[in-house]
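Colleague: I would like to learn how to read a model such as this one, feature by feature. Could you take me through it, giving the general idea before the particular case?

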Amino acid sequence: MDYLQIEGPTKLNGSVEIAGAKNASLPLIAMTLLADNKVCINNIPNVVDIKTLVKLLGNLGATVNIDQSSVQIDTRSLSNTKATYDIVKTMRASILVLGPLLARFGHCEVSLPGGCAIGQRPIDLHLKALEQMGAEITIEAGYVLAKAKDGLKGAHIVFDKITVTGTANIVMAAALAKGKTIITNAALEPEVVQLCEVLKNSGVSIDGIGSSELTIYGTDRRLVHIDPFDVIPDRIEAGTYLCAAAITNSEVTITNVCADHLESIISKLEQMGFSFDITSDTITIKPAKSIKSVDIVTQEYPGFPTDMQAQFLTLCTQAKGVSIIEERLFENRFMHVSELQRLGADIKLKGNSATVVGKIDLVGADVMATDLRASSALVLAALAAKGTTNVHRIYHLDRGYVELEKKLQKLGAKIKRLKEQA
Ligand code: EPZ
């Protein structure tokens, strides 16, 4: 197992290129189950979660070729519709095969994802919506058994709560269903928008893309032809590098990024005193005279993303004043707090809210990563902390960040990946 050793405090400079979005790539890879051709997806991030989903499709019988940043997937010869626990337990987003498999084959078995470090994360909204589309769903021995022998039929789905992968699952199911499906309270995330746009370009009639009400006219199980396309840039990776620059108060340019997707992130950084030069595909962050505290409430897109909460909470330890961070999406997403306290941070937790007192001089120590975004926050803290910080269990990081330490090295950070002593 690897860990990261980081010397701080450090200044960063230069530019860093952003990879394709993990959370767009996952539903787009599952979407290939709806294709009548070999699909080529470009600008795919080279991260563990992508490899896991590609492996799952391979286990179902698809032919897959993956290289540094693109994947070719041919699901025409699929022979198996069971997504097994050994894979699904490692990545809950595997649930994204449920909608397309059921819509195409009329039956499938998908392991329940089980618990997650950041919260319970049930899939009840996915299952309820598929039942409304005519599926028979039972849970047996930890598996979702879904049947719709005559295919799924269009329905009016009203989500009680906004769910990103839930919306994606139902959009894919509705694409091959019989008749019209309306999804009310659909997720607005750019990752969901790209899925809808690619399906629309592939001949599925979809209205309301980018709004909270989607209308999908199904093909009644006719598979669609999907032309090659590029995945959108990863707005969370981009936000993480902006926070790396901010916490070291450095000037950094991020490239291959879509600034529109980062509005809430940039607006919070501006409130903290940072300024920006923005072009069509680059963002340059400029140092603040003094970093100001800020209050944050996580919300669904276009609100402030929960996937940036840990990174900003860490940044607030270096801001003058008191910041209040409220986490509204996941009930257990403050695991990074106790690790930041090991570095000397002054943070008090109460319910789903963290009070961060700044500015505090952090001091290097050994810390443990607990989930994907928490691990990136610990790396940010280490860039600002005095002395050596070792971040352990970085397999969490590798799930969603492409070569983070190499990219930070290129920006001047003193960071290296080492092997844990046996
Ligand atoms: C997606 O997860 C992202 N993952 C998450 O990113 C992200 O944190 C989350 O959306 C919110 O933005 C991927 O896209 C692969 P939700 P998802 O369904 O779809 C509750 C990362 O760091 N809910 O929108 O699983 C749920 O418990 C990851 O890259 C139900 O109650 O999240 C949560 O409180 C972490 N029942 C809320 O809704 C359901 O059936 C939002 O969850 C579904 C969800």
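Colleague: Let us begin with helix 8: how many of its residues are buried?

Modeller: This is a predicted model, and what follows should be read in that light. In helix 8, 13 of the 13 residues are buried, so the helix is largely enclosed by the rest of the structure.

Colleague: What span should the 13 residues of helix 8 have, and how far apart are its end C-alpha atoms?

Modeller: The expected span follows from a rise of 1.5 Å a residue, and for helix 8, which covers residues 235–247, this gives 18 Å; the end C-alpha atoms are 18 Å apart, so the two values agree. At the start of this helix, a side-chain oxygen of Asp234 comes to within 2.9 Å of the backbone nitrogen of Ile236, and after the helix comes Asn249, with a positive phi near 50°.

Colleague: How should I judge the cysteines, and how many disulfides does the count give?

Modeller: A disulfide is a covalent bond between the sulfur atoms of two cysteines. The cut-off applied here is 2.5 Å between the sulfur atoms, and by this rule the count is zero disulfides. The cysteine sulfur closest to that of Cys243 belongs to Cys316 and lies 8.8 Å away, which is too far for a bond. Cys316 is likewise in no disulfide, its nearest cysteine sulfur being that of Cys243. As for their surroundings, Cys243 is buried, with a relative accessible area of 1%, and Cys316 is buried with a value of 0%.

Colleague: Turning to helix 5, which of its residues are buried, and what do they pack against?

Modeller: A general point helps in reading any such segment. An α-helix has 3.6 residues a turn, so residues three or four places apart point the same way. In helix 5, residues 124–132, the buried residues are Leu125, His126, Leu127, Ala129 and Leu130. The buried residues of this helix pack against helix 4 (98–105), helix 6, strand 8 (136–140), strand 9 (143–147) and strand 10 (156–158). Just after helix 5, Gly134 has a positive phi of about 100°.

Colleague: Which residues have the most contacts inside the largest nonpolar core?

Modeller: They are Met31, Leu130, Met133 and Leu152, in a core of 81 residues. Helix 6, residues 164–175, gives the most to this core, with seven residues. Leu130 shows what such contacts look like for one residue: leaving aside residues up to four places away in sequence, Leu130 touches Leu98, Leu102, Ala135, Ile137, Leu152, Ile170 and Ala173. Apart from the largest core lies another, of 68 residues, among them Tyr241, Met308, Leu380 and Leu397.

Colleague: How would you describe the surroundings of the ligand, and which residues come nearest?

Modeller: I would begin with the list of neighbours and then go to individual atoms. There are 22 residues around the ligand, and Asp124, Thr163, Thr165, Asp307 and Leu329 come nearest. For Leu329, a backbone N or O atom lies 2.5 Å from an oxygen atom of the ligand. Side chains take part as well: a polar side-chain atom of Lys22 is 3.0 Å from a ligand oxygen, and a side-chain N or O atom of Arg121 is 2.9 Å from an oxygen atom of the ligand.

Colleague: Where should I look for cis peptide bonds?

Modeller: The omega angle is the value to read. The bond from Gly8 to Pro9 is cis, with omega near -5°, and Pro9 is in the loop between strand 1 (2–8) and strand 2 (13–17). The bond from Tyr301 to Pro302 is also cis, with omega near 5°, and Pro302 is in the loop between strand 18 (296–297) and helix 10 (309–316).

Colleague: Are Arg393 and Glu403, which have positive phi values, in loops or in helices?

Modeller: Arg393, with phi near 60°, is in the loop between strand 23 (387–392) and helix 13 (395–398), and is partly exposed at a relative accessible area of 38%. Glu403, with phi near 45°, is in the loop between helix 13 and helix 14 (404–410), and its relative accessibility of 42% counts as partly exposed.

Colleague: Finally, is His336 buried or exposed?

Modeller: His336, in helix 11 (residues 335–342), is buried, with a relative accessible area of 1%. Not counting residues up to four places away in sequence, His336 touches Gln309, Ala310, Leu313, Thr370, Ala374 and Leu378.

Notes: Residues are numbered from 1 along each chain as its sequence is written. This is a predicted model: local features need pLDDT of at least 70, side-chain atom pairs count only at pLDDT 80 or more; totals for chains, interfaces and linings use all residues. Side-chain values use heavy atoms; hydrogens and water are left out. Buried means under 20% relative accessible area, exposed over 50%, partly exposed in between (1.4 Å probe, protein chains only). Helices (H or I, at least four residues) and strands (E, at least two) are DSSP runs, numbered from the N terminus. The expected span of a helix is 1.5 Å times one less than its number of residues. A polar contact is a pair of N or O atoms within 3.5 Å; within protein, one must be able to donate a hydrogen and the other to accept it, and residues adjacent in sequence count only if both atoms are side-chain atoms. A nonpolar core is a set of buried Ala, Val, Leu, Ile, Met, Phe, Trp, Tyr and Cys residues joined through side-chain atoms within 4.5 Å. Contact means heavy atoms within 4.5 Å. A residue is near a molecule or strand if one of its heavy atoms lies within 4 Å of it.
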